[in-house]
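Grab a pencil and try these short exercises on cysteines and strands. Each one comes with a worked solution.

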Amino acid sequence: MRRALARARDGKPLDTDEATILLAARGDDLAELMSYAARVRDQGRAGIVTYSRKVFIPLTRLCRDRCHYCTFATSPAKLPAPYLSIDEVLDIARQGAELGCKEALFTLGDRPEERWPAARAWLDEQGYDDTLSYVRAAAVAVLEETGLLPHLNPGVMSWAEMQRLKPVAPSMGMMLETTADVPAHKGSPDKVPAVRLRVLEDAGRHAIPFTTGVLVGIGETNRDRAESLFAIRATHRRHGHVQEVIVQNFLAKPDTAMRGADDATREEHLATIAVARLVLGPKMRVQAPPNLAEVPDLLAAGVDDFGGVSPLTPDHVNPERPWPHLDDLAAASAREGFRLTERLTAHPPYLQEPWLDPRLAKHVEALRTVDGLASDVLPKGLPWQEPDVALESSGRTDLHATVDTTGRTDDRRSDFDDVYGDWTALEIPAPRRMDTDVRAAMRKQPGAFTEKDVLSLLAAEGDDLEAVVRWADDVRRDTVGDDVTFVVNRNINFTNVCYTGCRFCAFAQRRTDADAYSLSLEEVEQRAREAWDVGATEICMQGGIDPQLPGTAYLDLARAIKGGAPDLHLHAYSPMEVVNGAARMGVSIREFLTEAKAAGVDSLPGTAAEILDDEVRWVLTKGKLPTSQWIEVVQTAHSVGLPTTSTMMYGHVDEPRHWAAHLLLLRKLQGESGGFTEFVPLPFVHTNAPIYLAGIARPGPTLRDNRAVHAVARLALHGSIDNIQSSWVKLGVEQCHQVLAGGVNDLGGTLMEETISRMAGSEHGSRKSVLELEAMVSNAGRTPRQRTTGYGTVPEERLRAARRAPLPVLPS
């Protein structure tokens with residue numbers, strides 16, 4: 001204990017063992033511990049303790065969980081209705097607004113419709129798919145009718161559900177409670193520690209200001225408490241999204257399974273607060289409810305926030321403990337030397353993009369002071385979403401051309417230091433030893449490999465690699481012949497404004513960065529028309545995930561392309577864009593894809609795949625969709641009649657075992673839906689990639705890697721995906737010749753303008769003419785053939801038009 005206290009005194013970082021020891025501090029040791037915690041708190045913010053003036057909105061008290069200490073959850077028989085109606089929600093919110101409240105805290109049980117038929121029936125009758133859909137609708141009503149800012153506590157949410165809810169709430173929350181598997185949570189599927197830790201991670205990946213915390217005294221040990229605090233710290237270091245950590249003490253309640261359990265003691269509670277402060281540091285807001293403990297104790301232990309305090313509604317979780325009157329709370333704080341200060345539901349650092357959805361900006365601005373705290377005003381309802389407006393041109397709209405001449409103005413976006421999280425906290429997959437046998441794998445039939453076989457072939461070196469490459473080329477010749485195909489197309493990246501935070505991407509810019517741009521609908525239509533005039537048969541369109549874009553923008557862009565050239569094939573929208581559009585429109589992925597197809601989308605690029613292994617992709621992407629969501633999008637696209645390509649970006653923090661699993665997963669998916677038209681290996685371009693600039697990723701794949709990946713893709717996908725494409729933008733002419741001799745039968749497109757790879761640092765240009773691509777193929781000893789997007793025959797008129805314009809299109 002003395003050693004651990006000395007380290008705390010000297011400001012040295014604690015480990016889990018030391019934190020566990022300090023959690024047992026009592027008497028004089030506890031007083032000493034609290035003094036050190038208070039000192040750390042004062043380094044971050046001295047003399048101020050904040051709170052949020054709020055109303056509790058118990059949207060439903062039904063829950064599928066059976067927590068042994070909970071009095072909030074009940075049964076339908078004890079309620080007048082399974083859910084509060086919108087009118088009841090607004091009645092509570094309006095009363096709160098009249099009393100100066102700024103926050104509407106939505107409390108509810110986890111997915112009650114999965115346990116209670118009455119909940120399912122109510123949702124069906126009201127027209128909602130699930131409880132979270134109703135939460136979204138209720139939050140919008142509160143914003144529009146009262147101006148209160150929703151803080152959502154709906155429990156466990158999926159990645160996609162968080163994306164749907166972020167636009168209606170400046171902040172969300174879910175108590176971690178504990179990382180231990182305690183008896184108090186038996187029968188509660190949403191209290192499984194791994195599930196709740198996943199929610200914390202996903203909230204960070206979405207840049208959602210998030211409240212979490214620990215519950216002290218539900219059967220966990222001191223070490224469990226320490227591990228819980230370190231788990232919260234770890235996810236916050238990766239994403240920077242934990243805006244406050246609550247340290248709440250368990251109090252036994254009648255009519256619960258734990259009614260006979262001992263309350264958390266005062267000393268346990270205060271020691272946990274103090275250790276939380278020491279572990280989480282001076283910048284973290286550490287909170288404890290002022291109705292569950294004495295204010296002087298809380299402040300002495302390192303608390304700097306009291307959370308939500310309501311002048312109207314009770315604490316529905318602890319109804320036996322009324323809130324202190326705000327005047328009394330202010331006076332108690334003042335006696336300890338603290339000024340009680342009102343804040344909003346999201347703390348000041350989280351009141352701008354990417355944390356705040358633009359649709360909430362006016363609501364927040366109406367209630368905040370210059371320093372981000374709460375202003376002394378009464379909230380008023382505001383429209384939640386302004387009428388959709390046409391896309392407007394802004395920024396460096398000539399980047400598609402000048403990226404080849406003047407290049408970029410900087411090697412990184414302006415928010416490099418904070419958008420990607422703490423680089424040192426990234427968990428890089430450790431390399432694994434490969435037990436390979438190339439010769440054994442080569443005795444198998446192509447397309448019938450196990451993962452071990454694929455891994456063996458990918459690891460081939462020297463003569464073994466040459467044998468694999470020759471084999472792949474023989475299989476290619478037997479499957480698709482000697483033609484090397486390409487499509488005459490134009491890339492249109494309609495915006496590079498993006499706040500997702502993919503760590504490999506050098507294309508994304510903040511709206512205010514010098515290289516940022518957005519194209520208007522008129523410019524997009526004009527570029528489609530120009531492409532048609534020089535013989536194009538395809539537009540490939542993708543863009544950044546700009547939070548200011550409405551979901552309908554994707555449909556408007558598709559219509560603009562078809563307006564400029566109705567007969568162009570529109571190959572548009574990555575799975576990430578599809579999920580974003582569906583979430584922002586409040587529709588399912590299937591509904592969005594159906595609408596996109598009707599608007600003119602003909603196929604989807606299977607990008608946003610990176611590596612289909614969440615272990616790697618969360619290092620690479622932070623905020624991008626998980627593997628399961630990518631699969632859902634492409635499989636749904638195939639089912640509604642939209643074919644897709646498939647891709648794999650390799651050569652960063654991955655290794656061959658990830659490539660092997662990726663290839664076999666694509667083979668499996670193709671067997672289920674049959675919608676992949678081609679496979680495109682995408683070598684990682686490192687030069688300007690943030691993850692490389694941070695010293696984490698390696699500088700792209702080697703020539704050996706490129707030859708092995710393209711050749712093994714041909715072999716592993718044989719009989720499943722016939723077309724293997726190489727990216728001349730990323731590989732260049734010399735390496736394209738190498739992989740053309742090892743299983744590749746397609747060169748992609750002319751592109752006409754390419755900004756994504758060029759901004760990453762590719763040195764191979766951004767456009768090629770038909771004649772240049774044909775020369776590349778001929779010099780490799782193969783026969784060039786122009787194709788359509790679906791590998792069909794190009795109309796004679798299009799062939800002639802493409803050859804009338806031997807040079808790539810230039811900007812008008």
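**Exercise 1.** Work out whether Cys-63 is buried or exposed.

*Solution.* Start with the cut-offs: buried means under 20% relative accessible area, exposed over 50%, and partly exposed in between (1.4 Å probe, protein chains only). Cys-63 has a relative accessible area of 9%, so Cys-63 counts as buried. Try Cys-736 too: its value is 0%, so Cys-736 is buried as well.

Before you go on: this is a predicted model, where local features need pLDDT of at least 70, side-chain atom pairs count only at pLDDT 80 or more, and totals for chains, interfaces and linings use all residues. Residues are numbered from 1 along each chain as its sequence is written, and side-chain values use heavy atoms, with hydrogens and water left out.

**Exercise 2.** Find out how many disulfides there are.

*Solution.* First, the rule: a disulfide is a pair of cysteine sulfur atoms within 2.5 Å. Next, take Cys-63: its closest cysteine sulfur, in Cys-67, is 6.4 Å away, which is too far for a bond. Then take Cys-736: the closest cysteine sulfur sits in Cys-540, 17 Å away, so that's too far too. The final count is 0 disulfides.

**Exercise 3.** Work out which strands stand at the edges of the β12-β14-β15 sheet, and why one side of each has no neighbour.

*Solution.* Strands are DSSP runs (E, at least two residues), numbered from the N terminus, and two of them pair if DSSP finds at least two bridges between them. This open sheet has 3 strands, ordered β12-β14-β15, with parallel pairing. β12 (489-493) and β15 (569-572) are the edge strands: each has a single partner strand, so one side is left without a neighbour in the sheet. Now check a pairing: β14 (residues 538-542) is joined to β15 by 4 bridges, and Ile-539 has Leu-570 in β15 as its bridge partner.
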